[in-house]
Amino acid sequence: MPEGHTIHRAARDHERALGGQRLAVTSPQGRFDVEKLLGRADRVKLKRVEAYGKHLFYVFERGRTVHVHLGLFGRFYRRKSPPPPPRESTRMRLEGESVTIDLVGPTACELITPKKKAEILARIGPDPLREDSSPQPFYDYLARSKTPIGAALLDQSVVSGVGNVYRAEVLHLLKIHPSTPARALSRGGAESLWTLLVGLLRRGVEEKRIVTTHGLALAVPRKRVPRAESVHVYGRRTCRSCGGDVQRFLQRARTAYVCVTCQPYVDAG
DNA sequence: GCGGTATGCCTAA
DNA sequence: TAGGCCTACCGCG
């Protein structure tokens, strides 16, 4: 689940469900140091939840901030309060008045200092889901880098929030082969790429899953797209657009998916 | 029950 | 580049 859309959706949902409340925070698994957050109190008030790329920040009273990164396996489970007993693997449980959020399997779940937060934000590139992000650094990087565009899209310091599914899908929609050197893209091409990422990620936030088919407009009511039709090439053996073979290869240690018909490699020199 | 796989990312070499 | 870490699920038998 966790590309940028999952993170932003969690921030929105969790802030709405728990923001302004005094939460009972526990770590059934024991690997999250609850006392550091709670001190001697038994509850702590959550002020807001922020999302940057794939990072979440739970901001509590007195500026105490919990950083969460889901990694590949992390997941949230939402329960009604009072919640059922947690599964053993639950790293952090946030129990509010009517909603309880359980966090399982994250790469990171820790109380952080303002300095640490600043360091995290300093090392990630613009996030297409944030209104306050400027794509300029993304354009600048692409314009001068020989890095394959498919590798650049997974580099969180270049653009944040994009993961392996969006990488495959956005490049397919633009008919770009992942091995194309970044700087072979025109400025217009780079702008199209950013705009498409914004659109697809926003759609992902609304639908709570990645859907890149059945038109790109964020039209209001739309029919639920069946799972098998939600992507063009990611995880597929044949291209949903043309029926041609989808080729797989490793790029930046992740499986890249390419329709060799729709996305022929063009050596731009 | 086991092994493989996954939408991530860090570190050592 | 390889290995490690985190967890759930699925197909196999």
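How far does a backbone N or O atom of Leu72 lie from a sugar or linking oxygen of DNA strand B? That distance is 3.1 Å, in what is a predicted model, where local features need pLDDT of at least 70, side-chain atom pairs count only at pLDDT 80 or more, and totals for chains, interfaces and linings use all residues. Residues are numbered from 1 along each chain as its sequence is written, chains are lettered from A and ligands numbered from 1 in the order in which they are written, and side-chain values use heavy atoms, with hydrogens and water left out.

Let me stay with the DNA for a moment. A backbone N or O atom of Gly71 lies 3.4 Å from a sugar or linking oxygen of DNA strand B, while an N or O atom in the side chain of Arg254 is 2.4 Å from a phosphate oxygen of that strand. There are 17 residues around DNA strand B, and Arg254 is among those that come nearest, together with Glu3, Lys54, Phe73 and Tyr234; a residue counts as near if one of its heavy atoms lies within 4 Å.

Now to the sheet, which is open and has eight strands in the order 5-7-6-1-2-3-4-8, with antiparallel pairing; strands are DSSP runs of E, at least two residues, numbered from the N terminus, and two of them pair if DSSP finds at least two bridges between them. Its edges are strand 5 (75-80) and strand 8 (108-112), each pairing on one side only. Further in, strand 2 (residues 44-52) and strand 3 (residues 55-60) are joined by six bridges, and Tyr52 stands opposite His55 in strand 3.

Terms used. Helix = DSSP H or I, 4+ residues; strand = E, 2+ residues; numbered from the N terminus. Polar contact = N/O pair within 3.5 Å; in protein donor to acceptor, adjacent residues only side chain to side chain.
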